[in-house]
Amino acid sequence: LVVLNHHRINIPPGDSEHVVTESLTLPADVKLYGVFPHMHLIGRSMSLVANLPDGTSRPLINISDWDFQWQFYYRYASPVLLPAGTKLEGRWTFDNSEDNLANPSHPPQRVTFGEQTTHEMAIIIMDVVPVRSKDDGK
């Protein structure tokens, strides 16, 4: 598994478009089989993009209207090959405004990272398998 996890969440009350990002660069070639995005109640959108070493970008998942009930494992029809040096970039947005009907706090309260659904998380778990070269004898 490869995990992107932004745990420094600190969303002020009233902020309707709070954005957090996290990235990592893959040290080896992998095959990506699926992703599991995770946010809580005031999550609005999330995306994961692979920026490949050749300069191209490949969207891996984009949920533009997050629903807390959509915390599923999304499996690709066929594995996605991501070469070493690929930079994975996650982006999450949150709506901590009074207009967000999913916001459990009225009036809105400051929201930080935490385990409770009234807290928030910004996580993408990726199901990967390393690609072994033909030369390593395995």
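Biologist: How many positive and negative side chains does the protein have, and how far apart do the centres of the two sets lie?
Modeller: Happy to start there, with the reminder that this is a predicted model. Lys and Arg count as positive, Asp and Glu as negative. On that basis the protein has 11 positive and 16 negative side chains. The centres of the two sets lie apart by 10 Å.

Biologist: Which kinds of element make up the protein, and how many are there of each?
Modeller: Reading from the N terminus, the elements run β-β-β-β-β-β-β-β-β-β. The count for the protein is therefore zero helices and 10 strands, with helices and strands taken as DSSP runs.

Biologist: Which strands stand at the edges of the open sheet?
Modeller: Four strands form this open sheet, in the order S3-S8-S5-S6, and their pairing is antiparallel. An edge strand pairs on one side only. That describes strand S3 (18-25) and strand S6 (57-63).

Biologist: By how much are neighbouring strands of this sheet turned against each other on average?
Modeller: Here the direction of the strands is ignored. The average turn between neighbours in this sheet is 15°.

Biologist: Inside that sheet, which residue is the bridge partner of Ser45 in S8?
Modeller: Strand S5 covers residues 43-51 and strand S8 covers residues 87-94. The two run antiparallel and are joined by eight bridges. In S8, Ser45 has as its bridge partner Thr93.

Biologist: Let's move to S4. Which residues stand opposite Val35 in S7 and in S10?
Modeller: Strand S4 (residues 30-38) runs antiparallel to strand S7 (residues 74-82), and five bridges join them. S4 also pairs with strand S10 (residues 123-130), again in the antiparallel sense, over eight bridges. For Val35, the bridge partner in S7 is Tyr74, and the residue opposite in S10 is Met126.

Biologist: Among contacts between residues at least 6 apart in sequence, what share joins residues at least 24 apart?
Modeller: A contact here means heavy atoms within 4.5 Å. Of the contacts between residues at least 6 apart, those joining residues at least 24 apart make up 77%.

Biologist: What percentage of the 138 residues is buried?
Modeller: A residue is called buried when its relative accessible area is under 20%. Of the 138 residues in the protein, the buried ones make up 38%.

Biologist: And what share of the exposed area do carbon and sulfur atoms supply?
Modeller: The C-alpha atoms fill a box of roughly 60 × 25 × 25 Å along the principal axes. The protein exposes about 7,800 Å². Of that area, carbon and sulfur atoms supply 51%.

Note on methods. Residues numbered from 1 in each chain as written. Predicted model: local features only at pLDDT ≥ 70, side-chain atom pairs only at ≥ 80, totals over all residues. Heavy atoms only, no water. Pairing = 2+ DSSP bridges. Axes fitted to C-alpha atoms, helices over the stretch in contact; angles between N-to-C directions. Buried < 20%, exposed > 50% of the residue type's maximum accessible area, 1.4 Å probe, protein only. Areas by Shrake-Rupley, 256 points an atom, 1.4 Å probe, with all protein chains shown as cover. Charge placed at Lys NZ, Arg CZ, Asp CG, Glu CD.
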